[in-house]
Amino acid sequence: MLDPRHPRYLSILYREKIVEAMENGIVVPQGLIAHGRGECFDYLIGECTTNFAYEAIKAAAAALILAKHPVISVNGNTAALVAKEIVELAKEANALIEVNLFYRTIERSRKIAEVLKSVGAEKVLGLEDATEIIPEIHSERRRVSPEGILIADVVFVPLEDGDRTEALRRLGKTVIAVDLNPLSRTARAATITIVDNIVRAVPLLVKEVKKLRSLENPKERAEEILKAYDNNKILSKALLHIRERLEIIARGGNEKINCIEQNQ
Ligand code: PTJ
């Protein structure tokens, strides 16, 4: 039994969730490697939501609010870590949910859809309905639903591979990515890159969508936010943040910098 007083409690908890999901056929073994890579970047970042990640979260909320046909793409790791929050986000943002897998099998897609439905999703695309092909994508991720990703204007792609992000951008879609690695092809190709752990970023994104929608002129405010947003600047800030943090720690200083208050 995992003791919540353990100093690495949360990290171990999420690791166990991923392992359990692999044993249940939700996550592929490669997903464990991806998770480990994410953990490493999270360690470097400081395991907190930074002010630049929060800026990207606010821009993502704005893009979702302005979208005509937003779609949330879900893979194995995302279903293992934040299924409930993804369903909440879909409801708040009026978005459709589509299972889209790098290592696609129809059995795993069905299992992921079951997980999402068990936490409140009414409709999940990307199963037998994934009949369309985006030819530029060179993996099983090319199979998409004609009701979902194919016609989406905004696609939210937590834990992605760069190939699809680049192809979706070429098709003129707005891509919102969550990736702890600011150097990944996904991070660099996305329209909005949230350099944060999905376990922290998705609940904050839900809050931001709610907050924005509750304003008097949500669309106008959303347009202002997007106009002022510069993804290249965010990616630069992420790299400089890591450098600065490492320099501070190397000199024996305080190790947490640029973190937002979680009650924001
Ligand atoms: O379920 P499937 O078949 O779609 O396969 C999913 C994986 C994750 C195996 C597949 O998409 C893959 O191989 O991804 P990559 O290319 O390893 O990229 C995953 C990225 O997510 C890496 O850059 C990691 O740093 C990052 N990452 C991992 N865990 C988290 C994360 N970013 C945010 N939050 C995390 N918890």
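**Exercise 1. Polar surroundings of the ligand**

Determine which side chain has an N or O atom 2.8 Å from a nitrogen atom of the ligand, and state which backbones supply a polar atom to a ligand nitrogen.

*Solution.*
1. In this predicted model, the side chain of N197 places an N or O atom 2.8 Å from a nitrogen atom of the ligand.
2. For I198, a polar backbone atom lies 3.0 Å from a ligand nitrogen.
3. For L180, a polar backbone atom is found 3.2 Å from a ligand nitrogen.
4. The ligand is surrounded by 23 residues, and the closest are F102, Y103, R108, D179 and N197.

**Exercise 2. Packing of α3 and α9**

Classify the arrangement of helices α3 and α9 from their angle, and give the handedness of their crossing.

*Solution.*
1. Helix α3 spans residues 51-66 and helix α9 spans residues 218-228; their axes are 9 Å apart, at an angle of about 130°.
2. Because angles over 145 degrees count as roughly antiparallel and 65 to 115 as roughly perpendicular, the remaining class applies here; α3 is therefore oblique to α9.
3. The crossing of α3 and α9 is left-handed.
4. On the α3 side, the contact involves K58, A59, A62, A63, I65 and L66; α9 contributes P218, K219, A222, E223, I225 and L226.
5. By class, the contact of α3 with α9 comprises nine nonpolar and three charged residues, with no polar ones.

**Exercise 3. Packing of α1 and α4**

Establish how α1 and α4 are oriented to each other, and which residues make their contact.

*Solution.*
1. The axes of α1 (residues 9-23) and α4 (residues 76-93) cross at roughly 130° and come within 9 Å.
2. The two helices, α1 and α4, are therefore oblique to each other.
3. The crossing of α1 and α4 is right-handed.
4. Helix α1 takes part through Y14, K17, I18 and A21, and helix α4 through N77, A80 and L81.
5. The contact of α1 with α4 divides into five nonpolar, one polar and one charged residues.

Note on methods: Residues are numbered from 1 along each chain as its sequence is written. This is a predicted model: local features need pLDDT of at least 70, side-chain atom pairs count only at pLDDT 80 or more; totals for chains, interfaces and linings use all residues. Side-chain values use heavy atoms; hydrogens and water are left out. Axes are lines fitted to C-alpha atoms, for helices over the stretch in contact, and angles run from 0 to 180 degrees between N-to-C directions. Helices (H or I, at least four residues) and strands (E, at least two) are DSSP runs, numbered from the N terminus. Angles under 35 degrees count as roughly parallel, over 145 as roughly antiparallel, 65 to 115 as roughly perpendicular and the rest as oblique. A crossing is left-handed if the near helix is turned anticlockwise from the far one by less than a right angle, and right-handed if clockwise. Contact means heavy atoms within 4.5 Å. Ala, Val, Leu, Ile, Met, Phe, Trp, Tyr, Cys and Pro count as nonpolar, Asp, Glu, Lys and Arg as charged, and the others, Gly among them, as polar. A residue is near a molecule or strand if one of its heavy atoms lies within 4 Å of it. A polar contact is a pair of N or O atoms within 3.5 Å; within protein, one must be able to donate a hydrogen and the other to accept it, and residues adjacent in sequence count only if both atoms are side-chain atoms.
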